[in-house]
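Dear colleague,

Please find below the structure that I am handing over to you. I would be grateful if you kept it open while reading the notes that come after it.

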Amino acid sequence: MKKNYISNSSGSIKMFNNSLMESLSKVHFSIPLFIYIPVVLYFSVKAFTGNIGIGMFIVYFVFGLIVWTATEYLLHRYIFHFEPSSKWGKRLHFIFHGVHHDYPKDAKRLVMPPSASIPLATAFYFLFSLFFKHPVNLYAFYPGFIIGYLVYDMLHYAMHHHNFKSAIMKKVKQHHMLHHYDDSTKGYGVSSALWDFIFRSGFSKKNENEATS
């Protein structure tokens with residue numbers, strides 16, 4: 001399904017009349033690093049002071065990374081791309097994700113603002129705490145999940161503003177650009193196409209070949 005409107009402007013459109021709300025909807029791409037790297041370090045230290053072994057730390061950390069890739073896919077496919085039929089629902093959809101598809105080069109709306117990411121990160125932490133019998137394992141898992149989120153945010157920004165030299169990264173960028181400029185009902189994975197492959201929501205070889213021709 002082709003997009004009816006995509007702006008090539010790199011500027012930010014005004015979404016809110018309220019200046020506070022408007023400022024909360026924008027963020028420099030580096031801000032998540034300053035917020036969440038200390039979180040990663042804090043929980044990693046808690047894991048090791050809780051006497052977790054390095055091997056088990058790596059296992060749970062990698063598990064957290066994998067769970068992030070699935071979370072990223074599911075959020076993007078079923079939450080960000082869910083557009084209610086009501087007027088207020090369409091407005092809410094535009095605020096959360098539609099604006100990015102209409103203005104994909106808007107540098108201030110490429111990473112999740114703290115006003116949204118902090119409540120989500122907190123909610124996920126307490127959700128995950130329900131599934132871990134031993135807190136020390138959660139302390140190893142959660143940094144992996146957060147690192148996955150940071151990779152997603154930084155990679156997403158880079159895809160829209162940098163030209164990659166690596167063949168692998170060019171492939172990753174192509175996957176996301178097809179989502180934006182060819183068919184927004186496919187290619188929901190941003191940092192990884194793994195779940196698009198599993199759930200068959202990726203692009204055909206024909207689409208990929210046409211994009212590179």
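The notes below describe the internal cavities and then one helix with one of its residues. Please bear in mind that this is a predicted model.

Cavities

The whole structure was searched for cavities of 30 Å³ or more, and two were found. The largest has a volume of about 120 Å³, while the second largest holds about 50 Å³ of space.

Which helices line the largest cavity? At least two residues of the lining come from each of α3 (54-80), α5 (114-129) and α6 (135-161). Of these, α5 gives the most, with four residues. Among the lining residues are Tyr36, Trp68, Leu75, Met112, Phe124, Phe145 and Tyr149. Sorted by class, this lining has ten nonpolar residues, one polar residue and no charged residues.

The second largest cavity is lined by Trp68, Glu72, Leu75, His76, Phe80, Met112 and Tyr152. Here α3 gives the most to the lining, with five residues. The classes in this lining are five nonpolar, one polar and one charged. Trp68, Leu75 and Met112 appear in the linings of both cavities.

Helix α7

Helix α7 covers residues 167-181, which is 15 residues. At 1.5 Å a residue, the helix should span 21 Å; the C-alpha atoms at its ends are 20 Å apart, so the two values agree. At the N-terminal end, Ser166 acts as a cap for α7, with a side-chain oxygen 3.2 Å from the backbone nitrogen of Ile168. The buried residues of α7 include Lys173, Gln174, Met177 and Leu178, as well as His175, His176, His179 and His180.

His176

One residue of helix α7 to look at in detail is His176. Is His176 buried or exposed? His176 counts as buried because its relative accessibility is 1%, and the cut-off for buried is under 20%.

What does His176 touch, apart from its neighbours within four places in sequence? His176 is in contact with His100, His156, Met159, His160 and Val190. With His156 there is also a polar contact between the two side chains, at 3.2 Å. Finally, His176 and Ser192 stand 16 residues apart in sequence, and their C-alpha atoms are 9.6 Å apart in space.

With kind regards

How values were computed: Residues numbered from 1 in each chain as written. Predicted model: local features only at pLDDT ≥ 70, side-chain atom pairs only at ≥ 80, totals over all residues. Heavy atoms only, no water. 1 Å grid on protein atoms, 1.4 Å probe; cavity = no way out; pocket = protein on both sides within 12 Å on 5 of 7 lines; lining within 4 Å. Points joined across faces, edges and corners; volume = space filled by probe spheres on them. Nonpolar A, V, L, I, M, F, W, Y, C, P; charged D, E, K, R; others polar. Expected span 1.5 Å × (residues − 1). Buried < 20%, exposed > 50% of the residue type's maximum accessible area, 1.4 Å probe, protein only. Polar contact = N/O pair within 3.5 Å; in protein donor to acceptor, adjacent residues only side chain to side chain. Contact = heavy atoms within 4.5 Å.
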